[in-house]
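I opened this notebook to record what I looked up in one structure. The entries follow the order in which I consulted it.

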Amino acid sequence: MELRSLQGWLRADPVVRRSAVVEVGGSVPGPGEMGTGLDVLGLVTGNGWSAASFVLAVAAWRQSRPQRPRVEIRRGDTVIVLTDCSQEEIERATRALAAVDGDEGDEGGDR
């Protein structure tokens, strides 16, 4: 499952690990069940949260995948979709996440 792979990747990243708790939500389908098709990776951030470090970690994970899945990041009412992880897309995602935190720079506030 791609989501569990991303969870492991983020938990292994020292910067993300210091500033966030990463959990997978959604239910695991039973034998013979298809499941809901919607899984969620929850990220609870604390002091030291860095939007730039988080986006770079997600982009690095995505680029390590053979089929490079589409990644949707939601924070508040802001939705960011990573499709190609180009430098421009990474910068745009970092700015959008930092703006949600009330900080226009690369580093987020203490959430």
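**Two packed helices**

I first noted that α3 and α4 are oblique to each other, in what is a predicted model. The reason lies in the angle: α3 (residues 51-64) and α4 (residues 87-100) pack at about 140 degrees, and because only angles over 145 count as roughly antiparallel, this one is classed as oblique. I recorded that their axes are 9 Å apart. I then looked up the hand of the crossing of α3 and α4, which is right-handed.

Next I listed the residues that make the contact. On the α3 side they are Ala51, Ala52, Phe54, Val55, Leu56 and Ala59. On the α4 side I found Ile90, Ala93, Thr94, Leu97 and Ala98. I sorted the residues of this contact by character and obtained ten nonpolar, one polar and no charged.

**Helix α1**

I turned to α1, which spans residues 2-12, and asked which of its residues are buried. I found Leu3, Leu6, Gln7 and Leu10 to be so. Seen down the axis of α1, these buried residues fall within an arc of 105 degrees, so they line one face of the helix. I set beside this a general point: an α-helix has 3.6 residues a turn, so residues three or four places apart point the same way.

**Gln7**

I looked more closely at Gln7, which lies in helix α1. Gln7 counts as buried because its relative accessibility is 8%, and the cut-off for buried is under 20%. Leaving aside residues up to four places away in sequence, I noted that Gln7 touches Val22, Glu23, Val24 and Leu41.

Key. Residues numbered from 1 in each chain as written. Predicted model: local features only at pLDDT ≥ 70, side-chain atom pairs only at ≥ 80, totals over all residues. Heavy atoms only, no water. Buried < 20%, exposed > 50% of the residue type's maximum accessible area, 1.4 Å probe, protein only. Helix = DSSP H or I, 4+ residues; strand = E, 2+ residues; numbered from the N terminus. Arc of directions from axis to C-beta. Contact = heavy atoms within 4.5 Å. Axes fitted to C-alpha atoms, helices over the stretch in contact; angles between N-to-C directions. Parallel < 35°, antiparallel > 145°, perpendicular 65-115°, else oblique. Left-handed = near helix turned anticlockwise from the far one by under 90°. Nonpolar A, V, L, I, M, F, W, Y, C, P; charged D, E, K, R; others polar.
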